[in-house]
Amino acid sequence: MENRDFDRNLRSGLTELEEAGRLRRLREITGVGAKALLEGREYWNFSGNDYLGVAGDAALRRAFYERMADAGDPCWGLSAASSRLLTGNTPQYTQLEAALAEWYGNGRAALVFNSGYHANVGILPALSRRGDIIFSDKLNHASIIDGLRLCEAEFRRYRHLDYGQLEEMLARVSPGKRIFLVTESVFSMDGDVADLRVLVALKRKYGAVLIVDEAHSAGVRGPRGTGLAMEQQVADEVDVLIGTFGKAFGSTGAYALMTPVLRDYLVNRMRTLIFTTGLPPVVLAWSRFVLEKMPELEDRRRALTRLAGELRAVIRRRGFATGGDSQVVPLLVGDDHAAGDLAEKLRQGGILVFPIRPPTVPAGTARLRFSLNATLPEAAVRQVEALL
């Protein structure tokens, strides 16, 4: 039987979102890479996370499938059909985790998860306990915030990239408390980067555990695409280094690098690892295949950096504010409705970019978030400039 009061409340909530310019809808979109098809029309895709063009690289996919076919590889499975601690820990997990540890090459162990969300919701609740204190950058991703909310530890948020305020907060912590610091390396909505060297110095000074989410820098920054911590030469000092396969790797899942003992502890205590079905073997094999190719993709990383610089220059020439230092390029609008109107204007001109509005970003900071792909041509950036 229909619960009319409940349904009425839901409709009222949706109406409020629509009036505020914050109503979201799912859209059916075909294609990954530089182009996407929406409602029968082709667009330049400025909203995906296929940073290196791997997900849209048909030749790379063919090479992967041909290798498996030639080798008679048994990893075609489309389901693990079990959690990793039962029968879902297929050989492809072992192979991928060994390859990740070798890629970073600092004696760390790797652990693969179903997604970056699984990682961020699971790691902090597993490692922290009542009486601990966690310090989190105020603009950390929602998945980190959700992980904090599941912790029994107290958490405090410091102003975005304000390490002076962070140190003031750290200095007030009572002796004997365990301290955790958690940050993104490249921030997903502003495209700016953390100074991990400062955070490492604070970690040493206050005896903290440092957790860094490299979702938007893995594959893109650092030597061989190993991320910002490697670029800033502090990876050995990061206690848990998280990366994702769902962006620059063009795959699915996530991973973390840590000491072997920390890995063993998470295997025994991390609920989002223990109580979920493992990833399909074919997905794990594809992630390992792409990982092998990462050192060869330096030209794409350079192209991505060049495109980002050109787009930031375009946005400023057109009188809009932007910021950051990565392949994530915000165009700040402010008003929720105005951000939606500008996104629609660009879509009418063949540019697929969506408005980002609260609660994803703070109130009054609605924006367009251009998420670049190394295979986008410069003509696509010029098209954006003509429409702004």
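1. A good place to begin is the second largest pocket of this predicted model. Its lining is made up of Val121, Gly122, Pro125, Ala126, Ser128, Arg129, Leu150, Cys151, Glu152, Arg269, Arg271 and Thr272. The space inside comes to about 270 Å³.

2. If you colour that pocket by residue class, you should find a mixed lining: five nonpolar, three polar and four charged residues. Leu150 and Cys151 are among the lining residues, and so are Arg129, Glu152, Arg269 and Arg271.

3. Which helices each supply at least two residues of this lining? They are α5 and α11, the latter spanning 271-274. Helix α5 makes the largest contribution, with four residues.

4. Now for the enclosed space. Searching the whole structure turns up one cavity of 30 Å³ or more, and the volume of the largest cavity is about 30 Å³. Around the largest cavity you will find Ala119, Asn120, Ile123, Leu124, Val182, Ile211 and Ile242.

5. Helix α5 deserves a second look here. Residues 116-127 form this helix, and α5 gives the most to the lining of the largest cavity, with four residues. Helix α5 also provides the largest share of the second largest pocket's lining, again four residues.

6. How does the cavity lining divide by class? Six of its residues are nonpolar, one is polar and none is charged. For comparison on your screen, the lining of the second largest pocket includes four charged residues.

Technical notes. Residues numbered from 1 in each chain as written. Predicted model: local features only at pLDDT ≥ 70, side-chain atom pairs only at ≥ 80, totals over all residues. Heavy atoms only, no water. 1 Å grid on protein atoms, 1.4 Å probe; cavity = no way out; pocket = protein on both sides within 12 Å on 5 of 7 lines; lining within 4 Å. Points joined across faces, edges and corners; volume = space filled by probe spheres on them. Nonpolar A, V, L, I, M, F, W, Y, C, P; charged D, E, K, R; others polar.
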